[in-house]
Structure formats: structure tokens, C-alpha cells
Amino acid sequence: MKLKQILPFCLLFIIVLSSCRKDELITDSSAKLEFSVDSVLFDTVFHYAGSTTKVFRIYNKHDQPINISKAYLAGGTGSAFKLNIDGISTTASMPVLTDIEILGGDSMYVFVQVYVNPSGSMPLLIKDSIIFETNGNIQDVKLTAIGQDVYLHKPNVFPTNGFPPYSIIGREGFDTILPTDKPHLFFGYTIIDSDCILTMDQGTKCYFNKYAVLMVFEDGTLNVTGVKGNEVTFQGARLEAEYKEVPGQWGKIWLYRLSKNNVIDWAIIKNGGIGIQVDTVASLTTPTLRISNTIVKNMSAAALYGQGAHIRAWNCVFANCGQFVAALTIGGKYKFEHCTFANYWSYDSRTTPAILLSNYYESSAGTILRPLDSCYFGNCIIYGDIAEEVGMDSSAAAGPGFFKYEFENCDIKTQHSFDGHYTFCVNGDPGFVDVTVNNYKLGSATAFAVDKGTTSIFISPDLNNSPRPNPTTSIPDLGAYEFY
């Protein structure tokens, strides 16, 4: 056979041999795995709740396939962690995953969750590691979680009338104070019973699972009494850093019709669907809700949703919502002093104004009028990133006195003319420190909202617990914060 006839066969043999070698498992002990991380950290995880799923990757940087002979949790079946590699999970009956092959130059995802069972009020540090055995090598990725015991509020009543499952806090005719030594974790609907005052003292921490709702029933009362630096907090149950400012993680605080004398002072309410929903006026002389020194932010729908409600508010920030920061609908009676309404929603496009006022609703019977008895904003900021931040929705059928509102010494982003409903109002960028991180303090002594308030309103201290007005001037600034 001539050389030119032999050569193609030689080349083919080399190609086949090379291909076979690439398909062969690499068994050299110097061949090791690489990982996208060397450790996985779970922030505070609550008893009963489980964790979010953490993900990392295993890399085979070699040309040939590599076989992981064993992968397992060092803590074995007693581990608080759960492991899934390539769609296969560790279980009590299969705590060790075996013979996991990764092709040359390929990678594989590893999913980890943690379930904790601590007891007592102090957080518990939980550690483990994932062990990988490959070609006689032992490599690991370390796992760390902080577990926290909680008071659990979980549905134990299952109605057949269409109302969702719920649990009850307190008992009719008996007042209740929530303990503060451990956080409270809410699932489903939790109801403050009729004729019961539920008090949450300073430092109470309330965490809500997906769709969880705290409802104050007829004749019930919510009494929140935080202090500056030790506020009462309401937020989602995920405490990982990536959930810190994510809206829509839980449902709402719902002050149901005919609930009464609700008070929220020094609270932080964030990352839900609706911050506070207040239904139906129980009295035009006594507010259904008094809310002060409180921040309500990062709601997928609205921070404050009034339906024919009576609300009195001061030193509050309502901010960063997918629709309205305050929807004051179906009439009612409202008074806001030194409040900041700010909407710079960035998750998707927003076409709804920061605040909405209306005096009717539509039903099968037609238009039902509810008078907006009064709605007063004094020394407030109403601002955002769309052209019109004030929505007026009055029924054409409403007569005189059915739509009464007033803005006094407010900074308002609006295209409405400043008519008789507006007294000494202005329209200019307030000068917030940084709206991208929800910092609605005034950034400098020359900020637009500085020294534009009326002294006829006296609310002191401000939301930063500083005297108002600043001692260097006799004129208060607009909004919830005084510049210092």
C-alpha cells in the first residue's frame, strides 16, 4: 500500500483515538473539581419556615469527564441542610449521592436549602459542609446558617364559607400584648378578634410568609407602640440580603370595617402587597387609624389604602409602590401633616399618581357616592418620577360638599393649577438624599423643601427624632424630616 493510501487511515486512527481518550474518565488524583464558591451563607432562617434555595456550580475544567464518586452532607441524616445535585436530592434513605459524572469542560448546579429547629430566643449558628470525593481527593463547600425560633401564627380554623383559613390572636373581650423575646412568624390570615386590643410594644418583630395578612376584625384594635431606634417591624420572612428591598413578599395589614381606635407609632412596614388597608368610616369624630413616625415602603400595590376611612397621620413616609403610595378612595376623612409621599418605583413602568382621591364606587346598582368629608395635607411633600402625582377622581353626580380637599404649604408635583384648594403650595424637586435607596431625608440646607412650611402646624420632633423646626431657623421644612 502506498504512503498516500496509508496516510488517511493513520489520520482517522489518530482522530478516533483522540476521541476515545476524551470520552474516558479522568482518574488522575491531581484532577480536582472547581467551585463557584467556597462557602454558602444563609441569613436568619426561621423555625417552621425553611429557607430560600442557594445555588452554586461545580466545574470540570479538564478535557475528559470526571466522576464524583460520592457527594454528601457531613452532618448526614441529622443535617439541617438539604442537597440536590443534577436533579437528585439527598433523603433520609439516600444520604449519599454517588457516581455523578461531569463532562469535560462542563459544569453542574448544586441546590441547597436549610430547615432549622432552634429553641429559645437567641439565634443559633448552624454549620455543615458538602463533601465531594473524586479520584481519592476530598473537597468541600462549607455551609452556614443562622436559625431563629419564633412565635408561630398559623391557620387552625378552616371555614367552609369561602373565607380563607385563619388563626386568632387574643380572645373576644380580652386584651393581648405580644411578647417581644422572639420574632412572630405569620402564615395565612391572622385575626385580631372583636373587642380585643392587641398591643405590639417597642422591638416587636413581625415576619410574614407569602400572602400572609394581619386583619383587625370588627370592634378590634391594633395598638403599635414603638420608639425611635426600636421600631415595631412588619416585613416578609426572607431575611437574605437579596430580599431586603423586594416588594410583594406578603399580603397586608387590614383594618377591617368597624375596627376602631387603631394606633401605629414608630413602625417600619415594608415589602408587602398593601402596607395598610383601612376600611369604612366607623366614626367621623374618632379616627379609625392614627399613624405617626412610621415608614411604609416597597409595596407592590399601595402603602396606604383607605376605603371610606378616617385616618390621621403625621411624620410618616409612604414610598415606592407599584401603583399608589396613598389611595384614599370611596370618600372618608383624612388629615396628613409633615408626611412624605414619594414614588420612584423602578421595577416596571408606573402610570398611576402617588396619591389618589375619590368619592364614589361602582356597583351593580350603579354609581354609589361616598362624600370625601375632608382631606387635608399640611407641610407635606408629594413627589415622584412621573409628570402627575395627584389623581382626582370625583363623580360627576356628586353635589357640593362631596369632594372637599385642601393642600397647605405642600411641595406637589402636579399639572393641576393651584386654585382655591391649594394654599402657598410649590412644585419643585424636594432635594431628597437618594431615592434609589429609599432615603427621603433632605440632602442639603439649600434643598427645595427646606424652610417652606407653615408654623401654624406644630409637629415635633420629626421622623428622625430631631426638634422641628431646626433651631437655626423658625420655619419648618416640608415632609417628615427636618434638615440638620
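Hi everyone. Let's begin with a term: a residue is called buried when its relative accessible area is under 20%, exposed when it is over 50%, and partly exposed in between. Keep that in mind while we look at this predicted model.

Take tyrosine 109. Its relative accessible area is 43%, so tyrosine 109 counts as partly exposed. You'll find this tyrosine in strand β8, which covers residues 107-114. Together with Val55 and Phe111, Tyr109 forms a nonpolar patch on the surface, and the three share about 270 Å² of accessible area.

Now the cysteines. A disulfide is a covalent bond between the sulfur atoms of two cysteines. How many disulfides does the count give here? Zero. Cysteine 206 shows why: the closest cysteine sulfur, in cysteine 196, is 14 Å from its own, too far for a bond. Cysteine 321 is in no disulfide either, as the nearest cysteine sulfur, in cysteine 316, is 13 Å away. Are these two buried or exposed? Cysteine 206 is buried, at 0% relative accessible area, and cysteine 321 is buried at 0% too.

Last, the sheet. Ten strands make an open sheet with parallel pairing, in the order β11-β14-β17-β20-β23-β26-β28-β30-β35-β38. At its edges stand β11 (151-153) and β38 (411-412); each has a single partner strand, so one side of each is left without a neighbour in the sheet. Let's zoom in on one pair. Strand β23, residues 267-270, runs parallel to strand β26, residues 295-299, and three bridges join them. Isoleucine 268 stands opposite isoleucine 295 in β26.

Thanks for listening!

Note on methods. Residues are numbered from 1 along each chain as its sequence is written. This is a predicted model: local features need pLDDT of at least 70, side-chain atom pairs count only at pLDDT 80 or more; totals for chains, interfaces and linings use all residues. Side-chain values use heavy atoms; hydrogens and water are left out. Patches are made of residues with over 30% relative accessible area and no salt bridge: like charges are joined within 9 Å, nonpolar side chains (Val, Leu, Ile, Met, Phe, Trp, Tyr) within 5 Å. Accessible areas come from the Shrake-Rupley method with a 1.4 Å probe; for residues, only the protein chains shown count as cover. A salt bridge is a side-chain nitrogen of Lys or Arg within 4 Å of a carboxyl oxygen of Asp or Glu. Helices (H or I, at least four residues) and strands (E, at least two) are DSSP runs, numbered from the N terminus. Buried means under 20% relative accessible area, exposed over 50%, partly exposed in between (1.4 Å probe, protein chains only). A disulfide is a pair of cysteine sulfur atoms within 2.5 Å. Two strands pair if DSSP finds at least two bridges between them.
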